Amino acid sequence: MANSVYPFQIHVPEDVLNDLFARIKNTRWPGEIADSDWDYGSNLGYVKELCDYWLESFSWSDQEDRLNKFSQFTTNVSGLNIHFIHEKGVGPDPIPLLITHGWPSTFAEMVDIIPLLTDPGSYGADPSDSFDVIVPSMPGYGFSQKPTEPGMNVEKIAQLWDSLMIQNLGYDGFVAQGGDWGAGITTALGANHGDHVQSIHLTMSSTGMNIPETLELSDQEKEFISHRNWWQENEGSYGHQHRTKPQTLSYGLTDSPSGLASWIVEKWRAWSDCNGDIESRFTKDQLLTHITIYWVTRTIESSIRLYYETAKSRPVVDYGDKVEVPTSFASFPVEISYPPREWLERFFNLKRFTRMPSGGHFAATEEPELLAKDIRESFRFLRQ
C-alpha cells in the first residue's frame, strides 16, 4: 500500500566507511596563502584537522546509535520513499508538529530539540505544551529517495509533506516549523495547504524578492534589503552555483571527502553565531555527522539540485500575496537575513515576532532551548 509506514534504522555498510577512510588518507591537499585564515574560503589547517579527526577519532557507529534511539520510519509519498523521525508527545494532548531542515543540514540537526518538544515536562516546561514531532528528510537528502525527474521544488515538497501528515500518518491537521529551505517549505504549507495547516513558525523568510521600486519602505526594511543584497554579493556565490550548474559541482563533492567537508563546514561557520570560532557552537562530531550523512547516502548532488529547481519556479509568496494562517517568527541575530516585523506583516498573518538574544542559522542546534520555548509559546493558542 502507498501509505504503509515501515520502521527504519540507519546502518551504513562497513565497505562504504572503508572507502571513505581510504579517500581521506589519499587526499590531494591544495595550497593556501599564508596567514589568510578563512578570507579565501575554508581554512586549510581547519579542514585538515577536521579530516584527521574524521579518520582517526570520529565514530560513525556512535552516531548511528544516537540517531537510532529516535523512532525512524520510511513511507512512500507520491512515488518517493521518504525517511522521517516520528516521536510521540507524552503530554495530555500533543499537537502534531512537522519540522523541516535545510541545506547544508540534515534531519540530525533536530535531535537536541525533539525531546524538548515531545516531553516538555521533563525539562521544566509545561507538560501540556507537548507535540508529536515529525522530522522528515527532504527528497534527495540523507535517507530519503532522490527525485529522478525535474521539478522537485519547495511547493512540491510541501505537497509531499501534506500527504505524509494527512494520508500516510493519519492526522487531521498539524502545525509546521522550519528554517532555510524548511522555512520556504513551511511557508508553502501555510500558503497552499491551509485546510490542514493550522499555524506555522519560521526562523527565516525569503519573501518579496520582486517588490515594486515605488513601494514605500521603513528604514528597517531598507536596511534589511541592503543587508540581503550585501550578503548575496559576499556570501552567496555557493547559491549561484547551486541555482545554475549544480551538476558540475557535484562530481568533486561526491568524489572527495575533503572537498565535501570544506564546502559544508564553511557555511556552518559563516552562518552561525560563533564569531569565527566554529567549535564554540558545534563539536566536530556534530559537523561530521551531517557531512557523513551526505557522503554515505551520496546525496550532495540531489540536495543542491533543490536550488536549481526552486530558482526555475515561481515564488511561493511574492509581493501582493499573503499567507493567511497564523504565523510566528523567531529572529535570531546571526541569521542569513533578518526581516523586520513590518516586512513580515506584508506577507504573513503575523501573530508573534520574537527577537532572540543569540543564535544563528542552525538554531535547533545552536539554541535548542530558546527555539523550543518559542515554538511552544507560539502554538499555545491552539490549545485554548
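In this predicted model, helix α9, which spans residues 246-255, has Pro246, Leu249, Ser250 and Leu253 among its buried residues. Because these four cover an arc of only 110° around the axis, they lie on the same side of α9. The general geometry of helices fits this pattern, since an α-helix has 3.6 residues a turn, so residues three or four places apart point the same way. On the other side of α9, Thr248 and Tyr251 are exposed, whereas the buried residues of the helix pack against α8 (237-244), α10 (257-270), α11 (284-297) and α12 (300-311).

A buried position is also found in a loop, namely at Thr203, which lies between β7 (197-202) and α7 (219-235). Thr203 counts as buried because its relative accessibility is 5%, under the 20% limit used for that term. Leaving aside its neighbours within four places in sequence, Thr203 is in contact with Gln177, Gly178 and Gly179, with Phe329, Ala330, Phe332 and Glu335, and with Leu371.

Turning to the cysteines, the structure holds zero disulfides. Cys51 takes part in none, and the nearest cysteine sulfur to its own, that of Cys274, is 18 Å away. Seen from Cys274, the closest cysteine sulfur is in Cys51, and the distance of 18 Å is too far for a bond, given that a disulfide requires the two sulfur atoms to be within 2.5 Å. Both residues are nevertheless shielded by the criterion applied above to Thr203: Cys51 counts as buried at 1% relative accessibility, and Cys274 counts as buried at 3%.

Methods
Residues numbered from 1 in each chain as written. Predicted model: local features only at pLDDT ≥ 70, side-chain atom pairs only at ≥ 80, totals over all residues. Heavy atoms only, no water. Helix = DSSP H or I, 4+ residues; strand = E, 2+ residues; numbered from the N terminus. Buried < 20%, exposed > 50% of the residue type's maximum accessible area, 1.4 Å probe, protein only. Contact = heavy atoms within 4.5 Å. Arc of directions from axis to C-beta.
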